[in-house]
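Me: Got a minute to go through a model with me? I'll put it up here.

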Amino acid sequence: QVQLVESGGGLVQAGGSLRISCAASGSIFSINAMGWYRQTPGKEREFVAAISWIGSNTGYADFVKGRFTISRDNAKNTVALQMNSLKPEDTAVYYCAAGRIVFSSSYYVKTQVYNYWGQGTQVTVSS
């Protein structure tokens, strides 16, 4: 089992920046990738970004390219999402996910490939 705990959410004005983190613990050896998703009320959870645990492979949703950056710290078993130029439409609960997957865009965008999920952290962007 892998436990994921997100932190760093909060309220920020449009155009501002926020950094959220996800700390993984437990059977880290069982995962090879982590991702960030977000969800707003009444909508399905949507893919934001993913990163492989080994190497520097990353993937992003089109709507965050150039604004968000995903990174990892293997020594601390953490993954972070740096969010810049935030927009009100970025308001959502952001979830961290982890799993052992084939790291390609055909897979890492799909929620069902991730075995573990965090409890989520709220990000609110005011206009």
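What follows is a quick chat about the sheet, the disulfide and the salt bridges.

Reply: Sure, and keep in mind that this is a predicted model.

Me: Sheet first, then. In what order do the strands of the 4-stranded open sheet come?

Reply: The order is β1-β3-β8-β7, with antiparallel pairing.

Me: And which strands stand at the edges?

Reply: β1 (2-7) and β7 (68-73) do. Each has a single partner strand, so one side of each is left without a neighbour in the sheet.

Me: How much twist, on average, from one strand to the next?

Reply: The twist averages 15°.

Me: How many bridges join β7 to β8?

Reply: There are 6 bridges, and β8 covers residues 78-83. The two strands run antiparallel. To pick out one pair, Asp73 has Thr78 in β8 as its bridge partner.

Me: Switching topic: how many disulfides does a search of the whole structure find?

Reply: The search turns up 1. Cys22 and Cys96 form it, with their sulfur atoms 2.1 Å apart.

Me: What parts does that pair tie together?

Reply: Cys22 lies in strand β3 (residues 18-26) and Cys96 in strand β9 (residues 92-99), so the link ties together parts that are 74 residues apart in sequence.

Me: Left-handed or right-handed, that link of Cys22 and Cys96?

Reply: Left-handed, with -80° about the S-S bond.

Me: Are Cys22 and Cys96 buried or exposed?

Reply: Both Cys22 and Cys96 are buried.

Me: OK, charges now. How many salt bridges does the structure hold?

Reply: It holds 4. One of them joins Arg38 and Glu46, where the closest N and O atoms are 2.7 Å apart.

Me: Why does Arg38 count as buried, and what about Glu46?

Reply: Arg38 has a relative accessibility of 7%, and the buried class is under 20%. Glu46 comes out at 32%, so Glu46 counts as partly exposed.

Me: Which other side chain meets Arg38 in a salt bridge?

Reply: Asp90 does, at 2.9 Å, N to O. That pair links distant parts of the chain: Arg38 is in strand β4 (residues 33-39), while Asp90 is in the loop between β8 and β9, 52 residues apart.

Me: What's the relative accessibility of Asp90?

Reply: Just 1%, so Asp90 counts as buried.

Me: Back to its partners. What does Asp90 do with Arg67?

Reply: Asp90 forms a salt bridge with Arg67 too, and the closest N and O atoms there are 2.7 Å apart. Arg67 sits in the loop between β6 (58-60) and β7, 23 residues from Asp90, so to speak another link between distant parts of the chain.

Me: Is Arg67 buried or exposed?

Reply: Arg67 is buried, and so is Asp90.

Me: Which residues end up joined into one network?

Reply: Arg38, Glu46, Arg67 and Asp90 do, through salt bridges that share partners.

Me: Last one: where does Asp62 lie?

Reply: Asp62 lies in the loop between β6 and β7. Asp62 is exposed, with a relative accessible area of 64%.

Me: What does its side chain contact, then? I mean the side chain of Asp62.

Reply: The side chain of Asp62 makes a polar contact with the side chain of Lys65, at 3.2 Å.

Me: And how far apart are the C-alpha atoms of Asp62 and Val48?

Reply: They are separated by 8.5 Å, with the two residues 14 residues apart along the chain.

Note on methods:
Residues are numbered from 1 along each chain as its sequence is written. This is a predicted model: local features need pLDDT of at least 70, side-chain atom pairs count only at pLDDT 80 or more; totals for chains, interfaces and linings use all residues. Side-chain values use heavy atoms; hydrogens and water are left out. Two strands pair if DSSP finds at least two bridges between them. Axes are lines fitted to C-alpha atoms, for helices over the stretch in contact, and angles run from 0 to 180 degrees between N-to-C directions. A disulfide is a pair of cysteine sulfur atoms within 2.5 Å. Buried means under 20% relative accessible area, exposed over 50%, partly exposed in between (1.4 Å probe, protein chains only). A salt bridge is a side-chain nitrogen of Lys or Arg within 4 Å of a carboxyl oxygen of Asp or Glu. A polar contact is a pair of N or O atoms within 3.5 Å; within protein, one must be able to donate a hydrogen and the other to accept it, and residues adjacent in sequence count only if both atoms are side-chain atoms.
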